[in-house]
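Open the complex in your viewer and keep the selection panel at hand. The stops below go from whole chain to single residue and back out.

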Amino acid sequence: MFNLSKKSLIRILVILGITVVLIDLVFLDRHSHFSSIGGLTAMDGITGFYAILSFFGTFILFKVAQFIYNILSASEDYYHDDF
Amino acid sequence: MTIFSFTPGIIFLIGSICTFLFKKRFIKALPIIIPILSLLTLTSFTESSTLSIPFLGYTLGLLRVDSLSLTFGYLFTIFSFFAFIYGLKIANSREYTAALFYIGSALSVIFTNDFITLYIFWELMAVSSVFLILLSKTENSFKSSLRYIIVHLVGGLILLAGIVIHIHSTGSTEFTALTLNSISSGLIFIGFLINAASIPFSSWLSDAYPESTLMGGVILSSITTKTAIYTLIRGFSGTDILIWLGVITAIYGIVYGLIENNVRRSLSFSVINQVGFKLVGIGIGSPLAIAGVCAHVVCGVIYNSVLWTSAGNLIYLTGKHKYSDLSIFNRRLPLLLLLAIIGALSISSFPFTSGYISKSIILKSVELAHLFTPWLLLEFASFGVVLLVFCKFIYHAFFYKNSFGVVKNISNQLNPLMLFSSIIFSAACIYLGLFPKIVYEIIPFSKYLMAKIPSDFIAIYSKSEKLIITLQKFIFAVLAYVLFSKYIPSKNSIFIDFDWLYRKLLRFLSVFFISFVDFVYLSINSLVVGLISKMIYFFNNSLSLLIYVINLPSLRLSNIQINRYQLLKQYHSIIIKNGFPFVLIGSFIFILSIALYLISI
């Protein structure tokens with residue numbers, strides 16, 4: 001249906017990603033929702049914070065899922081004789 | 001109102017009985033008529049509407065009408081209308097009987113004012129919903145439905161114990177807000193959490209829903225957990241522990257969903273993920289958070305329906321339930337793909353869809369409560385659902401193709417009625433994303449909500465910060481998925497979940513317990529049998545031995561060669577023939593002397 005190669009898809013996503021981060025940098029006056037707590041918690045006010053969070057968060061989620069897969073996967077008939 | 005007035009729940013229950021009794025030609029029309037009748041009843045309700053009946057000295061309040069119950073009432077009724085249309089060509093009369101009874105029970109729980117009625121319909125919900133799984137008529141569905149009903153009946157018993165203690169200690173059956181400071185409220189809380197599929201009671205959902213019938217899956221995914229969310233809003237708003245339970249539930253749903261290969265099980269984990277957001281909102285308990293939860297329930301039911309009907313349509317077309325099995329098909333289904341994308345964008349909170357206007361309210365309330373760690377983890381869960389549904393479901397269900405094997409063409413045709421429901425649900429997703437005021441106006445704390453959150457199209461989408469942040473999250477999550485999805489193997493495996501505790505551990509424990517009891521029994525048995533056999537031997541041979549011992553010196557003196565065993569045998573036969581009374585007397589004297597000895601001690 002859509003003949004889009006992986007490379008092209010990555011290129012499109014990178015361009016779109018850079019665009020929204022640039023809009024964030026140039027046009028938005030961002031501030032932290034947790035500035036009253038201070039310290040590291042104020043990091044949500046940084047430009048591109050959600051892009052970084054989303055990108056590396058996905059990586060972390062995949063690693064956690066991979067870990068869960070490795071330690072908790074079992075064959076499909078694992079519960080065969082059980083309730 | 002009198003007892004002869006009908007609550008929406010009662011209308012559905014009567015409808016269920018009618019579909020069970022009436023001839024086949026009426027069956028298809030009834031499930032469509034019932035929601036319309038129920039909707040008409042709902043529109044006649046005012047906040048002063050009540051209906052109560054006396055029962056064993058208590059007053060049962062069958063009707064409590066306020067913005068909360070009306071929101072859920074309207075939602076379930078309208079949803080059921082389109083869900084029943086979806087099933088017109090694929091569901092049989094028994095499915096409709098079960099579904100009508102199930103939704104009727106859920107509506108009765110929503111509108112009840114007391115714990116006794118709540119418990120009765122809570123259990124009826126469990127019993128009727130199990131048929132929506134059982135009617136798949138597969139071996140797996142039979143086993144899953146057995147586990148489903150056991151978990152729910154155990155949950156119901158816990159709830160019953162809490163209710164009984166609560167009524168005993170307070171003397172009131174009224175279902176009001178509770179605080180977690182007593183055993184009764186704790187038990188009621190656990191009973192609600194089991195139905196809400198919160199951690200650690202979530203595994204029944206991902207176990208049972210994928211095995212249900214196609215229409216059953218659509219209905220189940222939208223009713224049970226939402227009814228439990230309603231009871232938690234009503235009973236436990238502002239309970240802090242729900243915040244952490246919700247956060248863990250939301251993350252858990254994503255992690256398990258990402259590694260799942262079964263299409264509907266993967267979507268079940270997205271339902272669990274969404275439950276997590278709602279639990280956090282209830283845990284915060286502020287007016288904004290509760291309004292957010294209610295809006296999210298409304299939007300959640302709609303986009304879940306889009307996803308479950310799309311998945312159902314795909315399974316109907318191919319007969320396959322796993323992503324890996326779908327990859328052999330040449331899928332050219334533009335309309336179905338479009339509908340699924342709308343559902344996926346909606347659950348991913350993409351702008352111009354319903355998820356965007358509901359999930360953001362819960363996240364906003366977490367920000368306002370200054371809960372940084374829960375907020376950060378919810379953000380993880382928020383873009384995690386982009387991965388789970390938008391990336392995984394859409395890509396693997398519609399695009400992914402194996403590099404090996406014969407590519408098959410889909411030969412089945414979709415029924416227009418099945419597509420009709422999906423189209424209506426998808427249209428609702430878009431409409432609510434553009435004009436959320438219709439939802440904001442009916443949910444609790446609507447005035448407060450509309451004072452805090454923009455409700456007009458222009459006001460919502462001219463707020464560029466939120467829009468750009470959402471797009472950032474979405475685009476970078478998709479980019480990361482494309483780059484890192486190689487880390488997630490897609491194989492036919494199952495994953496050990498919390499149900500391992502009752503499926504394996506409980507079995508191990510029961511086997512261990514039975515073996516232990518068996519061992520103790522056998523040990524005692526062999527000990528007693530050994531003791532008795534030794535006593536019998538002793539009594540049997542005591543006189544022979546005694547005579548032998550008495551005769552031994554004379555035998556030695558006479559220097560006769562004797563065989564000891566032969567002699568004992570000879571004595572024994574003489575005693576058996578002639579000396580039986582002596583054995584009895586000897587035994588009696590022996591027992592008497594032991595008894596006297598014991599008494600003297």
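What radius of gyration does chain B have, against that of a compact globule of 601 residues? Chain B has 35 Å, where such a globule would have a value near 25 Å. The radius is taken over C-alpha atoms, and the globule rule is 2.2 Å times the number of residues to the power 0.38.

Before selecting anything, note the ground rules. This is a predicted model: local features need pLDDT of at least 70, side-chain atom pairs count only at pLDDT 80 or more, and totals for chains, interfaces and linings use all residues. Residues are numbered from 1 along each chain as its sequence is written, while chains are lettered from A and ligands numbered from 1 in the order in which they are written.

**Stop 1: colour by confidence.** pLDDT is the predictor's confidence in each residue, from 0 to 100. Chain B averages 89, and 95% of its residues score at least 70. Where pLDDT is low, the predicted coordinates should not be read in detail. For the complex, the predictor gives an ipTM of 0.93 and a pTM of 0.87.

**Stop 2: select chain B.** Its C-alpha trace spans about 130 × 70 × 60 Å along the principal axes. Show the cartoon: there are 25 helices and 5 strands. Helices (H or I, at least four residues) and strands (E, at least two) are DSSP runs, numbered from the N terminus. Buried residues make up 50% of the 601 in chain B. Buried means that 20 or more other C-beta atoms, placed from the backbone, lie within 10 Å of the residue's own.

**Stop 3: select B:Thr7.** B:Thr7 lies in the segment before α1 (8–21) of chain B. Why does B:Thr7 count as buried? Because it has 25 C-beta neighbours inside 10 Å. Now add B:Leu63, 56 residues apart from B:Thr7 along the chain: the two C-alpha atoms are separated by 7.1 Å. Leaving aside neighbours within four places in sequence, B:Thr7 is in contact with B:Leu51, B:Leu62, B:Leu63, B:Ser108 and B:Phe111. Contact means C-beta atoms, placed from the backbone, within 7 Å.

**Stop 4: select 263–284 of chain B.** This is helix α12, with 22 residues. It reaches 33 Å from its first C-alpha to its last, close to the 32 Å expected at 1.5 Å a residue. The expected span is 1.5 Å times one less than the number of residues. In α12(B), 22 of the 22 residues are buried, so the helix is largely enclosed by the rest of the structure. Step on to B:Gly285, just after α12(B): its phi is positive, about 75°.

**Stop 5: select chain A.** From the N terminus on, its elements run α-α-β. The C-alpha atoms fill a box of roughly 60 × 45 × 20 Å, taken along the principal axes. Buried residues make up 19% of the 83 in chain A.

**Stop 6: show the interface.** The contact takes 41 residues from chain B and 45 residues from chain A. On the chain B side, α22(B) gives the most, with 16 residues. That side divides into 26 nonpolar, 6 polar and 9 charged residues. Ala, Val, Leu, Ile, Met, Phe, Trp, Tyr, Cys and Pro count as nonpolar, Asp, Glu, Lys and Arg as charged, and the others, Gly among them, as polar.

Finish on the strands. Strand β1 (residues 73–74) of chain A pairs with β5(B) in the antiparallel sense over 2 bridges. Pairing requires at least two DSSP bridges between two strands. Select A:Ala74: its bridge partner in β5(B) is B:Ile494.

Notes. Buried ≥ 20, exposed ≤ 12 C-beta atoms within 10 Å, placed from the backbone. Contact = placed C-beta atoms within 7 Å.
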